[in-house]
There are 2 protein chains.
Amino acid sequence: MKKRFLFTFAMLGLSSMLFSQTWIWYPGDYELWLGNRMNNRRTERGAFFPPFWKTDSHYVVVEFSKAIELEKPEVIHLAVEGKYNVKIDGKLQFGMPGTIRLEAGRHQLNIKVWNQVSPPALFVNGETVKSDSSWKVTFEDKEWIDESGKASDTSATLYESAGRWNFDSEDSRPSQFTLPRELKQPAGCEKRGNGLLYDFGKETFGYLVLNGISGEGSIGIYYGESPEEALDKEACETLDFLRVEADKVVDLSTRSEQPKGASYTMENSKAFRYVYVEAEAGVEPGNATMLFEYLPVEQRGTFRCNDEELNRIWEIGSYTMFLTTREFFIDGIKRDRWVWSGDAIQSYLMNYYLFFEQDAVERTIWLLRGKDPVTSHVNTIMDYTFYWFLSIYDYYMYAGDKQFVRQIYPRMKSLMEFVLGRTNEEGMVEGLAGDWVFVDWADGYLDKKGELAFEQVLFCKSLETMSLCARLAEDDEAATIYEALAADLRSKLNPCFWDEQKQALVHNRVDGRPSETVTRYANIFALLYGYLDEKQGEQIKNSVLLNDEILGITTPYMRFYELEALCYLGEQERVMKEMKSYWGGMLRENATTFWEKYNPQQQGTEHLAMYNRPYGKSLCHAWGASPIYLLGKYFLGVTPAAPGYEEFTVRPCLGGLKWMEGTVPMADGEIQVYMDKKKIRVEATKGKGYVYFDSRRKPKANIGTIEKLSDGSYRLPVSAGEKVEIQY
Amino acid sequence: MKKRFLFTFAMLGLSSMLFSQTWIWYPGDYELWLGNRMNNRRTERGAFFPPFWKTDSHYVVVEFSKAIELEKPEVIHLAVEGKYNVKIDGKLQFGMPGTIRLEAGRHQLNIKVWNQVSPPALFVNGETVKSDSSWKVTFEDKEWIDESGKASDTSATLYESAGRWNFDSEDSRPSQFTLPRELKQPAGCEKRGNGLLYDFGKETFGYLVLNGISGEGSIGIYYGESPEEALDKEACETLDFLRVEADKVVDLSTRSEQPKGASYTMENSKAFRYVYVEAEAGVEPGNATMLFEYLPVEQRGTFRCNDEELNRIWEIGSYTMFLTTREFFIDGIKRDRWVWSGDAIQSYLMNYYLFFEQDAVERTIWLLRGKDPVTSHVNTIMDYTFYWFLSIYDYYMYAGDKQFVRQIYPRMKSLMEFVLGRTNEEGMVEGLAGDWVFVDWADGYLDKKGELAFEQVLFCKSLETMSLCARLAEDDEAATIYEALAADLRSKLNPCFWDEQKQALVHNRVDGRPSETVTRYANIFALLYGYLDEKQGEQIKNSVLLNDEILGITTPYMRFYELEALCYLGEQERVMKEMKSYWGGMLRENATTFWEKYNPQQQGTEHLAMYNRPYGKSLCHAWGASPIYLLGKYFLGVTPAAPGYEEFTVRPCLGGLKWMEGTVPMADGEIQVYMDKKKIRVEATKGKGYVYFDSRRKPKANIGTIEKLSDGSYRLPVSAGEKVEIQY
């Protein structure tokens, strides 16, 4: 897998070097439109299943513009998705010209496009005039003509820099985009009952193909992430029913028809490892293959160590991420296939240690936010709104894309207005009508009433994020307000929720009374965001994190943060054991991807059930892959210390391993780390930073000067291109 | 014309009686979508010309729902525009079922539809279960499933009553709607230059048809509201260029093709009386006919009097309104063909005295408003925002549709929030960046700086309207706020703008200093809204309205209000002379419809020019038809005194005529009025009210008791069904 994607990636890179022109649109609009197609592909036993939150869409009329200066006359070619007009220097041209000749000199080009069906999009190709993100775009130009016939531009509208992806040729029309597909054969097939059970060897995603349908009658196709699911016709989560007629095949769910040919490819993709195909008498379904569908991404991050089980965990995590990193970062490939903010923020963080796929991060952030007016929390979930804010500053730190922050900032601001409009007298958030307070799927009662400590911590961090992003967007007035709000809320967290006797933040406060319950959530986040002092951090380690009497976490989703908190406290050895036990546990259950939820107490088919449905659980869930993040950030120990890794920190930690090595990607470079019990090697292709480490003896380095820090640890400066080796 | 539309109307009425089920959608959404098609049909010399304000669109995913109770099992049929699912009692059904069997008992039906292309729409037909406006619809159901598998509905969302029109059969799919068309022959044709000039006898609208194209080559088609325009190939406002090839005909503007057949119908409609068709050698264009396109409306209002010129003015006004009353009330049929709020409010008012077409009023109000967030004034024009508010209460008074007010109220509220967010320290509005302060097209300088008196008067009336509508929507808290804001602003109007020396409101105030200029606008509106006392009213009559030194009005648009003001002051005789002079003047220029602007000082082709273009003026402009309104309201004298004409006022006034008679329609009835110099006859089919009149002698009535009022005039009560005759 890795090599092929390397190749594809290189080709894409080459093509965008050769041809700088690309299809452009109103920023965020293509992302919403594509997201609607993604989110609306969910099915449940043959029924269409769209999201239950507001679905926004693209602006149907937009105007693209560009001021240009030509040294000599130039003929430019236009391709447009939509009905359009062209103005050159304010003069409307006849019809919808595909070719325009521009004379030498300065010109103003305005191209206005209407498209209800898909986002208005433009492709301009000339010797020097090319559509790219330097073009401006607006949904409301406010140009008007007064009685004198003079066109005036009141310029009140914010002209945005055009959005783009990688549609760099005229033929790669944005509305026609599909992910690439590749034919795959089943690994095995056996007769079961009246049908055939196919096994594709591991969890996969795509379109089942029946080759050589003949006769007439009905065919049932039952998908399973497990053989039990595929064979359970009454309860499997996804299925297809076909009716084969004399000359055509009808999909009974959508009632659409295809002519009866050599092979029949299902209309909609599914996630599965097993497929059970059963046909009634009189019809022969032929044999099954599948078209694997994927986003071409390069696996740029790597991890290897002496522990083969851990290596396998990393590989399975990587494959889980590969399957769930698609047009967008989705939750899981079988059931929802939706974009969820709480899931996505973890995917982004894993992605920074694996693919460093930036476009998918930006697309997912646009889609999750949608458009104004804000009428509910992101995905309707209060906590998911907060993760959405946080994810933007994360992205800025890892990728350094200030332009993206500035473009999304107005939507951050209006979402925060929505949140601030729903705070109580204390300036805290509570679940109001319509708000889903999620926290986590828990095997036990979770009180969601009143002021949840966990939500206040996320809210406080969101306000801090807003102030940082407001500064980046040069909205200093708002930044000051957000800073004050954050400081005020932060000052209340300990007084309101810290219980000195329990040595922990309590779960919530109802009518001003703190509850008696302690849960992990608020304590974990308060620790990670630096809201607890060092003493409190040590206290919660024992009173909460390592305390079995506190309600345990059974989703990899919240384990992500729980284990991160332990790493943050220097407990890598314990985390290593937890990873081998928890993720290793799934491997021992023959997982080929990681699951939505895993409770080691359960047995057999209990592992498949969730939401009161026998196969409700997703067995390939992005949030299952957190070791990718933990190993990159807390074992290889690489983090950006300044936006875009201009500065970085490498704090490697073996956590009980004998040796490890790996690569952490940056937007335009990488950092390689090797560590064993005696030496550390670090090499970065860009930026500069420090390697932090402990040593029982006086350490030595091949380059540079090691500095001893006040806490007894050491650091060594590293610059791009240096091959640093530390003996410690 | 009249009879045919009567027939069509009766048929439509019948069909909606026989079949109560109808296509439904999210309220306002179909209206926006259809409006986008309408507004985007504008062309300028073969170039597509969309509006320059934000174009909103439909919600792409909506859910329809209905709680039903069945006495016996029932099979219902569904037709849906979009991809959909069906839940019965919360249980998702397989596929997209076209037929559902429901058992006896209570049921909850939920149908969720996704459609990017056109508004999600639903048609349900069963014996008792039928889609209609009693169904609920939401764009955000917020239903979610917790871990127990239980679906919960948090019910935070406002479920709206479904929108509908008259698509009452399964086959009349909303997305396929087009207005009816009818073949028309030209009235004449003559050879001019290398081509033929067709004359269709009067202003018309539709699709030119060329019958019998042969050969190969280019054809130019030049449209004119005047022969000068049609013959001016370089400057006519609209045109079509065709390229005829061996087997097809290409429209050179859109590049779309049709096979070469017996006849070729142009893709897009045009407004014209004259068409000049010129073909190059080698191609024979054949002869031209046209498909007249119209909204089937009944001309329910009538007016006849002894003055044939006035009768002709009324007829031409009626035809002007017939041409501009289409999917929406548009400004003019030639050039913009857009929906403009200032134009529309006048169209609605004329419509109440002519067609009483309610659906078009509602559609136009929805379209003008668009969706949240509000980013600019309606049509970008500040005054047009205010007219939009006012038009809603007008509609309520004439049609009595409280449900519509309640549905549109949230959008009124958010638009008013936008306005209030842009007021200055005095609570007054000024044109800010992006605001177009229009007022009127004037043949002279109009200062648009600072606080325009005219805008404050409209703003004040808008605040009063908001308080009335807030009460109807049971938003009493907001009503109180709007009342206070209106009272505050009203208390400032006279102190800030009344100039005792000039006996008039001055035009504006800049930096707190009232200007020296007096214009008509503020004085007219302040008078009509009752913001001037009786003494001020008499003062402005002479100091402004009848004062030739004040900048004159040259558009029928502002003459609408100017003449209304004179009628309001009892100057019907003067208004009659003005109508005969001004609108009669257009007739003497051979108008077959009324114009966008008319300046009696101009001559010949000067009348055709506007916006610095020789044929820029629209010769069929809705706002040209104001005599329809003036004659109905101030001569026949019929107005609603309570919403929906539950109570009415008839205050007939001959204004110099010998006799007049006419009919004023209501939603579900009509009032007939006859008056000559000796008697008044009134008959209403519903409601009750008073006839107000003056009499030099003691008046007599055939029914009821005449009451003498304190000002010396009389009134007589009238009830539905009574044929009242007054001798006066």
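Me: Before we get to the sheet in chain B, what makes two strands "pair"?
Reply: Two strands pair if DSSP finds at least two bridges between them. Keep in mind that we're looking at a predicted model.

Me: OK, so what does that sheet look like, open or closed, and what's the strand order?
Reply: In chain B there's an open sheet of six strands, in the order 7-6-9-4-11-14, and the pairing is antiparallel.

Me: Which strands stand at the edges?
Reply: Strand 7 (91-92) and strand 14 (160-161) of chain B. Each has a single partner strand, so one side of each is left without a neighbour in the sheet.

Me: And how many bridges join strand 4 to strand 9 in chain B?
Reply: Ten. Strand 4 covers residues 61-70 and strand 9 covers residues 105-114, and the two run antiparallel. To find your place there, look for I68(B), which stands opposite H107(B) of strand 9.

Me: Switching to the inside. How many residues are in the largest nonpolar core?
Reply: That core has 208 residues. L122(B), V275(B) and I392(B) have the most contacts inside it.

Me: Which helix gives the largest share?
Reply: Helix 7 of chain B, residues 382-399, which puts twelve residues into this core.

Me: What is L122(B) in contact with, leaving aside its neighbours within four places in sequence?
Reply: The contacts of L122(B) are W23(B), I24(B), F64(B), V80(B), I111(B), V113(B) and S131(B). F64(B) falls in strand 4 (residues 61-70), while I111(B) and V113(B) fall in strand 9 (residues 105-114).

Me: What's in the second core?
Reply: A separate core of 207 residues, including M576(A), W583(A), Y629(A) and M660(A).

Me: Now chain A. How is it divided into domains?
Reply: Domain 1 is 20-176, domain 2 is 181-293, domain 3 is 339-585 and domain 4 is 642-727.

Me: How many residues of domains 1 and 2 of chain A are in contact?
Reply: Five residues of domain 1 are in contact with seven of domain 2. On the domain 1 side, that's no nonpolar, two polar and three charged residues. The C-alpha centres of these two domains lie 41 Å apart.

Me: What's the confidence like for chain A?
Reply: Its mean pLDDT is 94, with 95% of residues at 70 or more.

Me: Where is the pLDDT below 50?
Reply: Residues 1-19 of chain A are one such stretch, with 15 contacts in the model beyond near neighbours in sequence. Residues 144-157 of chain A are also below 50, and that stretch has 30 such contacts.

Me: And what are the scores for the model?
Reply: ipTM is 0.94 and pTM is 0.94.

Technical notes. Residues numbered from 1 in each chain as written. Chains lettered and ligands numbered in written order. Predicted model: local features only at pLDDT ≥ 70, side-chain atom pairs only at ≥ 80, totals over all residues. Domains from an automatic or database assignment. Contact = placed C-beta atoms within 7 Å. Nonpolar A, V, L, I, M, F, W, Y, C, P; charged D, E, K, R; others polar. Core = buried A, V, L, I, M, F, W, Y, C linked by C-beta atoms within 7 Å. Buried ≥ 20, exposed ≤ 12 C-beta atoms within 10 Å, placed from the backbone. Helix = DSSP H or I, 4+ residues; strand = E, 2+ residues; numbered from the N terminus. pLDDT = per-residue confidence, 0-100.
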